[in-house]
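Student: I have a model open and would like the reasoning behind some of its labels. Can we go through them one by one?

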Amino acid sequence: MQGFLINTNKSYKKMRELIKEAIVDLKKTDGFIYVTAEGKKIELHEAAARGIAVTPVNPKDEVIKKLEAAGLFLTDSKFVNELNDLISVLSGSGSSKGAGKRRSFSDSEKNKIVEEWKKVEAAGKKTKAAFAREIGVGYQTFINWLKS
C-alpha cells in the first residue's frame, strides 16, 4: 500500500508540474512557442542568436496533446462539465448548473468574434458549434451574430 501512495504522490506532482507548464505556455505574449527539430522548446531570440532552425507551434495544441497524454481530456466538453461539477461539489459550492452569470457582448466585441470566426472558418479548423462553445456563447446566439 505504501508503494501505491508514493506512486500517487509522484503522479500528483507530475500533473501539477504539467499544469503549471501549460499555464506558462498559454500566457506567452506572442502566441507561439518555438521548438527545435528535436522537439525541445527554445526562446526565439536564443534560437536566432545560435542559428537554430525552429518551428512555431500553437501552445494550445501542444498543451492539449500533453494533457491528453496524461489522461486529461479537456476538449471533451462532457468530461470538463463533469469535472467542474465534481470540483464544485467538493468545494462545497453545490452544483455548477445555473451558477454562471450571463454576459452581454458589445457590437464591437461581436464584430471581432465574427471576424475571428471567418479566419478560423477559412482555415477549416473548427465547426461553428465548437467555436461557439470555445468563446462561451450559445450556438444559436452565434448563428444570429453571423446573420446580422
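Student: Why is Phe142 called buried?

Tutor: This is a predicted model, and the values are computed from it. Phe142 has a relative accessible area of 0%; buried means under 20%, so Phe142 qualifies.

Student: What makes Trp117 count as buried?

Tutor: The relative accessibility of Trp117 is 4%. That value is under the 20% limit, so Trp117 is buried. Phe131 is buried as well.

Student: Why is the pair of Trp117 and Phe131 called tilted?

Tutor: A pair of aromatic rings is described by the distance of the centres and the angle of the planes. Here the centres are 5.3 Å apart, and rings pair within 6.5 Å. The planes are at 55°; stacked needs under 30 degrees and edge-to-face over 60, so the pair is tilted. Trp117 belongs to helix α5 and Phe131 to helix α6, 14 residues apart.

Student: What makes the pair of Trp117 and Phe142 edge-to-face?

Tutor: The angle between the planes is 90°, and over 60 degrees counts as edge-to-face, so the label follows. The centre-to-centre distance is 5.7 Å. Trp117 lies in helix α5 and Phe142 in helix α7, so this pair ties together parts 25 residues apart in sequence. Ring pairs link Trp117, Phe131 and Phe142 into a cluster.

Student: How do you know that the buried residues of α3 are on the same side?

Tutor: In α3, Pro59, Val63 and Leu67 are buried. They cover an arc of only 60° around the axis, which puts them on the same side of α3. The face turned away from that buried side carries the exposed residues Lys65 and Ala69.

Notes:
Residues numbered from 1 in each chain as written. Predicted model: local features only at pLDDT ≥ 70, side-chain atom pairs only at ≥ 80, totals over all residues. Heavy atoms only, no water. Buried < 20%, exposed > 50% of the residue type's maximum accessible area, 1.4 Å probe, protein only. Helix = DSSP H or I, 4+ residues; strand = E, 2+ residues; numbered from the N terminus. Arc of directions from axis to C-beta. Phe/Tyr/Trp six-rings, centres within 6.5 Å; stacked < 30°, edge-to-face > 60°.
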